[in-house]
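Please walk me through this model in a viewer, one selection at a time. I would like to know what to pick at each stop and what is found there.

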Amino acid sequence: MTDETTGAPDNTAVRCALWRAMHVRVDAAPHVLEDEVGLRLVAPDADWPRRPDMDPEATSAFRAAMVARARFVEDLVVQQAGRGVAQYVVLGAGLDTFAQRRPEIAARLRLFEIDQPRTQAFKRRRLVELGYGIPEWLHLVPVDFEAGESWWEHLTAAGFDPHRPAVIVSTGVSMYLSEEATAATLRRVAALAPGSTLAMTFLLPADLVDASDRPGLRASTDGAQASGTPFVSFYAPQDMLALAREAGLQDARHVAGGVLAARYFADRTDGLRPSSGEDFLLATV
């Protein structure tokens, strides 16, 4: 999404892009994810590292969570591409930079990024300005969700083949959607070609979040409410799994945030760890 008055990406998209860049700039190597492309897309003022929401200490757990989920998705896409899956769909792509950072993988795929029209117009303009361009395998698919447009219709119109396997990814989106809207997406994914994979994040209810992370969850929830994009859905893992299986995704499993922490941060000596509160649904058709 973008702000209509400034033409700039909304706060959430910018924050995620800047956190990924901040990880490279302030955290010790090895980095979980190396991504400063989003920073180039945003082109913020020089004092952006001094923004309160970029504070290296206060926001370290959120920064770590952002790079952990991006790395998990990237590893999944690379794995599936290695198995011959040739379509990758990002729902709510925002300032995703996989295509620019990993062209050696992305060029083997048909990559579809779905988001609001203003987001796609901004990103298209900035990719051209920065010299990345829009390669023929990258499809920026504008969908006006607020007007009730169907992402599925726009996706197929853009050349997506529902009869061939795909990776479908949705991160940082389900909390803004009703349960029925999420169930409709799950049903659509369940009808994809065999061999397709879904990775979707969801927020846990506060009582399932580590006590130390609850103030951060409250602050995020309050901030979303104040910005006019409230969080409306939280799921216990068993409830998300039930929703997926009711939609026809029988091979569905829960990947806890702690799994990502163990996979990507276990050997770090600087204490960097992702916050709890956001988990993955991983399902195979």
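At roughly what angle do the axes of helix 3 and helix 11 cross, and within what distance do they come? Select residues 257-265 for helix 11 and residues 60-82 for helix 3. The two axes cross at roughly 85 degrees and come within 10 Å. Helix 3 and helix 11 are therefore roughly perpendicular to each other. Keep in mind throughout that this is a predicted model.

Now show the side chains between these two helices. From helix 3, display Ala-64, Val-67, Ala-68, Arg-69, Arg-71, Phe-72 and Asp-75; they meet Leu-260, Arg-263, Tyr-264 and Phe-265 of helix 11. Sorted by type, the residues of this contact are seven nonpolar and four charged, with no polar ones.

Keep helix 3 on screen and add helix 1, residues 11-26. The axes of helix 1 and helix 3 are 9 Å apart, and the packing angle is about 100 degrees. This pair is therefore roughly perpendicular as well, given that angles of 65 to 115 degrees fall in that class. On the helix 1 side, select Cys-16, Trp-19, Arg-20, Met-22, His-23 and Val-26; on the helix 3 side, select Phe-62, Arg-63, Met-66, Val-67 and Arg-69. The contact of helix 1 with helix 3 comprises seven nonpolar residues, one polar and three charged. Val-67 and Arg-69 of helix 3 appear in the contact with helix 1 and also in the contact with helix 11.

Next, follow the chain into the loops on either side of helix 2, residues 37-42. Pro-30 is in the loop between helix 1 and helix 2. The peptide bond leading into Pro-30 from Ala-29 is cis, and its omega is near 0 degrees. Then center on Ala-43, in the loop between helix 2 and helix 3. Ala-43 is not a glycine, yet its phi is positive, at about 50 degrees.

Hide the helices and turn to the sheet. Seven strands make up an open sheet of mixed pairing, in the order 3-2-1-4-5-7-6. At its edges are strand 3 (138-142) and strand 6 (251-255), each paired on one side only. From one strand to the next, the twist averages 15 degrees.

Within the sheet, select strand 1 (residues 87-91) and strand 2 (residues 110-115), which run parallel and are joined by five bridges. Val-90 has Glu-113 of strand 2 opposite it.

Stay on Glu-113 and add Lys-123. These two form a salt bridge, with the closest N and O atoms 2.6 Å apart. Because Glu-113 belongs to strand 2 and Lys-123 to helix 6 (residues 117-129), the pair ties together parts that are 10 residues apart in sequence. Across the whole structure, a search finds 16 salt bridges.

For the last stop, bring back helix 10, residues 237-246. Helix 10 lies across strand 5 (197-203), strand 6 and strand 7 (278-284), and runs at about 160 degrees to strand 6. Add helix 8, residues 179-190, whose axis comes within 8 Å of that of helix 10 and crosses it at roughly 50 degrees. That angle makes helix 8 oblique to helix 10. The crossing of helix 8 past helix 10 is right-handed. Here Glu-179, Thr-182, Ala-183 and Leu-186 of helix 8 meet Met-240, Leu-243 and Ala-244 of helix 10. By type, the residues of the contact are five nonpolar, one polar and one charged.

Key. Residues are numbered from 1 along each chain as its sequence is written. This is a predicted model: local features need pLDDT of at least 70, side-chain atom pairs count only at pLDDT 80 or more; totals for chains, interfaces and linings use all residues. Side-chain values use heavy atoms; hydrogens and water are left out. Axes are lines fitted to C-alpha atoms, for helices over the stretch in contact, and angles run from 0 to 180 degrees between N-to-C directions. Helices (H or I, at least four residues) and strands (E, at least two) are DSSP runs, numbered from the N terminus. Angles under 35 degrees count as roughly parallel, over 145 as roughly antiparallel, 65 to 115 as roughly perpendicular and the rest as oblique. Contact means heavy atoms within 4.5 Å. Ala, Val, Leu, Ile, Met, Phe, Trp, Tyr, Cys and Pro count as nonpolar, Asp, Glu, Lys and Arg as charged, and the others, Gly among them, as polar. Two strands pair if DSSP finds at least two bridges between them. A crossing is left-handed if the near helix is turned anticlockwise from the far one by less than a right angle, and right-handed if clockwise. A salt bridge is a side-chain nitrogen of Lys or Arg within 4 Å of a carboxyl oxygen of Asp or Glu.
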